Amino acid sequence: TAPASLRVDAVEALIVDLPTIRAHQLAMTTMTKQSLVIVRVACSDGITGIGEATTIGGLAYGEQSPEGIQLAVATYIAPLLAGADAANPGAAMARVHRHVQGNSYAKSAVETALLDAQGRRTGLPVHALLGGAQRTALPVLWTLASGDAARDVEEGLSLIEARRHKVFKLKIGRRSLADDLRHVQAIRRGLGDEVMLTVDVNQAWDESTAVRGIAALQDMGVGLVEQPIDRRQHRALGRLAARFDVPIMADEAVHDAVDAFDLAAEAAADVYALKISQAGGLWPTLRAAAVADAAGVGLYGGTMLEGTVGSIAAAHVFAACPQLRWGSELFGPLLLTDDVVQARPVYRDFELQVPGGPGLGVDLDADKLAFYRRDRGPRPVA
Ligand code: MUC
Ligand code: MG
């Protein structure tokens, strides 16, 4: 048992709603706001750690919602952590994993907060607690998803000019295949052949549509095809990976180390997009990454379009991964008009700078939190 000075005292979760800078269109939903679940773990030595769990479009993307995450943390996880040794996040999380099935987003936010607290306590950045940073900045792509090709081209060109992003992901799968291919072709022409483009179908195609679609995308020089078909169809994904030269990336299909192992055993994907929310935390993400390394599968630092707290938590993990061959997409904070932190992340020369201070290196802004929290009630209309 832990010394009395090092116990978890309280765990709380609150929802904040933040507007996006523009509509963001995915196959399954169009986002105009993001709902962040912010978790705080207060410890008996006076240190509080923070974490975040964020979904896309409520329940549109995955099986967990902001409201469900808040409930899981407050009702089920908080009592399990009360009195736990705050200096041993691994043991505290083992207890949570033993008594709570699923709920990977809630687990990720809570583990993040425990590691943030431990980092603040020891003066070490979270990546140091995960074994150490292999890189201090992460390449970050941008998703062009306004739904309008001309606007996407304009946005892409200005981001290249600003040296913020030089790789772009296009969201397809919501329109007919012919329309999607025209859309990609228009952006390819507008940005030029030198610019690396990837596509994310978010599971929208069946296998035969994927065969036709990927063949055409490969001819256009698209560099990576993400989750073209249903996440559960591993064997069909493997047939696509075997058929095409363009690398196929699993996203919704690869949540944790077990998925990473199964997909590798079936040679179902060339690349894995890992996400702390889908893996169930920072350590679980590293374990999935280790399986990818063992199998020779490339890694990509994925996002659930989190705000600063969640994106920086992911950045610490991806900094600690021995291999990150495909870079990252940790641009979530840039899609929001505002955030609940004192300082937003630094993006420079096409990369996100990984903080080197204690813990996550991110502090909440009490006024912004008070302003954006959902339970504050209606806000005055601007
Ligand atoms: C996804 O499926 O990859 C990540 C970037 C983006 O634009 O959407 C998310 C979700
Ligand atoms: Mg994806």
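Accessible areas in these legends come from the Shrake-Rupley method with a 1.4 Å probe, and for residues only the protein chains shown count as cover. The structure is a predicted model, in which local features need pLDDT of at least 70 and side-chain atom pairs count only at pLDDT 80 or more, while totals for chains, interfaces and linings use all residues. Residues are numbered from 1 along each chain as its sequence is written, chains are lettered from A and ligands numbered from 1 in the order in which they are written, and side-chain values use heavy atoms, with hydrogens and water left out.

**Figure 1. Overall view of the protein.** The protein exposes about 14,700 Å², of which carbon and sulfur atoms supply 51%. Its secondary structure comprises 13 helices and 13 strands (DSSP runs numbered from the N terminus; helices are H or I with at least four residues, strands E with at least two). The C-alpha trace spans about 65 × 55 × 35 Å along its principal axes. The radius of gyration is 20 Å, which agrees with the value near 21 Å for a compact globule of 382 residues (taken over C-alpha atoms; the globule rule is 2.2 Å times the number of residues to the power 0.38). Of the 382 residues, 58% are buried (buried means under 20% relative accessible area, exposed over 50%, and partly exposed in between, with a 1.4 Å probe and protein chains only). Among contacts between residues at least 6 apart in sequence, 73% join residues at least 24 apart (contact means heavy atoms within 4.5 Å).

**Figure 2. Close-up of the magnesium ion (ligand 2) and its protein donors.** Asp200 (OD), Glu226 (OE) and Asp251 (OD) are the protein donors, lying 2.0 to 2.2 Å from the ion (donors are N, O and S atoms within 2.8 Å of the metal, or 3.2 Å for Na, K and Ca; water is not among the atoms, so sites may look incomplete). Along the chain the donors follow the spacing D-x25-E-x24-D. Asp200 belongs to strand E7 (residues 196-200) and Asp251 to the loop between strand E9 (248-250) and helix H9 (257-265), so the pair ties together parts that are 51 residues apart in sequence. Both Asp200 and Asp251 are buried.

**Figure 3. Close-up of Asn202 and Gln227, two residues with positive phi.** Most residues other than glycine have a negative phi. Asn202, in the loop between E7 and H7, has a phi near 45 degrees. Its relative accessible area is 4%, so Asn202 is buried. Gln227, in the loop between strand E8 (224-226) and H8, has a phi of about 35 degrees. Gln227 counts as buried because its relative accessibility is 0%.

**Figure 4. Close-up of helix H8 (residues 234-243).** The buried residues of H8 are His234, Ala236, Leu237, Gly238, Leu240 and Ala241. Helix H7 (207-219), E9 and H9 are included in what covers these residues.

**Figure 5. Close-up of Ala42 in strand E2 (residues 30-43).** With 25% relative accessibility, Ala42 counts as partly exposed. Leaving aside neighbours within four places in sequence, Ala42 is in contact with Arg7, Val8, Asp9, Ala10, Ile47 and Thr48. The C-alpha atoms of Ala42 and Leu240 are separated by 48 Å.

**Figure 6. Close-up of Gly327 in the loop between helix H12 (308-320) and strand E12 (347-348).** Gly327 counts as buried at 7% relative accessibility. Residues up to four places away in sequence not counted, Gly327 touches Pro139, Leu299, Tyr300 and Gly301.
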